[in-house]
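Biologist: Please take a close look at one part of this model for me: the aromatic rings and the space around them. I work at the bench, so explain the cut-offs as you go.

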Amino acid sequence: MSHADTADAFSARRQAAVRRIEAETGIDEPMIARLVDAFYDRVRADPLLGPVFADRISDWGPHLQQMRLFWSSVALMSGVYHGRPMPKHLPLPVDARHFDRWLALFEATAAEVCPPAAAAHFIERARRIAESLELGIAGAQGVLLRKGERYLRPTEAWTPPQS
């Protein structure tokens with residue numbers, strides 16, 4: 001079998017997987033765009049997550065397009081996203097509290113924007129992504145989490161002002 005034959009077979013399998021997921025969940029590219037746009041509207045307005053994003057993203061158009069490609073690859077196995085999310089997230093000042101809020105917003109948005117089967121499909125994957133990123137960020141900070149442990153960034157102790 002030649003390389004071209006192998007690539008064609010892989011492409012055919014990927015297309016079949018996308019069609020199967022679309023049929024089972026109702027997810028399609030317009031739904032992904034609605035979910036991503038609605039979710040990031042909430043993120044930008046959120047008092048915990050908004051500042052993290054505002055410090056790093058000034059032009060939301062390209063970011064939203066990347067997130068649509070990312071979720072297409074995650075939800076439909078379309079293969080259209082070619083980025084590396086982990087290195088982009090490692091330097092962020094986030095911990096379990098941020099991931100919990102991210103998931104709460106994502107789950108609420110998915111439940112409102114998507115039919116139940118699609119929402120469940122997105123939410124299952126979002127939970128895995130959050131867990132993976134939290135583990136990666138903790139590891140980058142030299143913290144090895146055991147199963148069930150969460151990563152909390154150290155906070156400075158409060159000291160009363162000197163009078």
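Modeller: Happy to. From the N terminus on, the elements run α-α-α-α-α-α-α, that is, seven helices and zero strands. Both are DSSP runs numbered from the N terminus, a helix being H or I over at least four residues and a strand E over at least two. This is a predicted model, in which local features need pLDDT of at least 70, side-chain atom pairs count only at pLDDT 80 or more, and totals for chains, interfaces and linings use all residues. Residues are numbered from 1 along each chain as its sequence is written, and side-chain values use heavy atoms, with hydrogens and water left out.

For orientation, the C-alpha trace spans about 75 × 35 × 35 Å along its principal axes. Of the 163 residues, 35% are buried; buried means under 20% relative accessible area, exposed over 50% and partly exposed in between, with a 1.4 Å probe and protein chains only.

Now to the rings. Two rings of Phe, Tyr or Trp (its six-membered ring) pair if their centres lie within 6.5 Å, and the pair is stacked with planes under 30 degrees apart, edge-to-face over 60 and tilted for the rest. That rule gives 11 aromatic pairs. One of them joins F39 and F106, which meet edge-to-face with 5.2 Å between centres and 75° between planes. F39 belongs to helix α2 (residues 29-45) and F106 to helix α6 (residues 96-113), so their contact ties together parts 67 residues apart in sequence. Both partners are buried: F39 has a relative accessible area of 1%, and F106 has 2%.

Beside F39 in the sequence comes Y40, which makes an edge-to-face pair with F53, at 5.8 Å centre to centre and 70° between the planes. Here again distant parts of the chain are linked, Y40 in helix α2 with F53 in helix α3 (residues 50-54), 13 residues apart. Y40 and F53 are buried too.

Stepping back, ring pairs join F39, Y40, F53, W60, F70, W71, Y81, W102, F106 and F122 into a cluster. W60 deserves a second look. This tryptophan sits in helix α4 and is buried, with a relative accessible area of 13%. R44 lies over its face, 4.4 Å from the ring centre; a charge counts as over a ring if NZ of Lys or CZ of Arg is within 6 Å of the ring centre and within 35 degrees of the ring normal.

What about the empty space? On a 1 Å grid over the protein atoms alone, a pocket is an open set of points with protein on both sides within 12 Å along at least five of seven lines, while a cavity is a set of points where a 1.4 Å probe fits but cannot get out; lining residues have an atom within 4 Å of a point. Grid points are joined across faces, edges and corners, and a volume is the space filled by probe spheres set on the points.

The largest pocket has a volume of about 550 Å³. Twenty-two residues line this pocket, and those closest to its centre are Y40, F53, H63, H89 and L92. Y40 and F53 are thus familiar from the edge-to-face pair above. Two or more lining residues come from each of α3, α4 (60-76), α5 (85-89), α6 and α7, with α4 giving the most, five residues. By type, the lining holds 16 nonpolar, four polar and two charged residues. Here Ala, Val, Leu, Ile, Met, Phe, Trp, Tyr, Cys and Pro count as nonpolar, Asp, Glu, Lys and Arg as charged, and the others, Gly among them, as polar.

The second largest pocket has a volume of about 230 Å³. Its 14 lining residues include E131, E134, L135, E149 and R150, the ones nearest the centre. In this lining, eight residues are charged, five nonpolar and one polar. α6 and α7 each supply at least two of them, and the largest share, five residues, comes from α7.

Helix α7 (residues 116-140) has 25 residues and reaches 36 Å from first to last C-alpha, close to the expected 36 Å, where the expected span is 1.5 Å times one less than the number of residues. G142 follows α7, with a positive phi near 80°.
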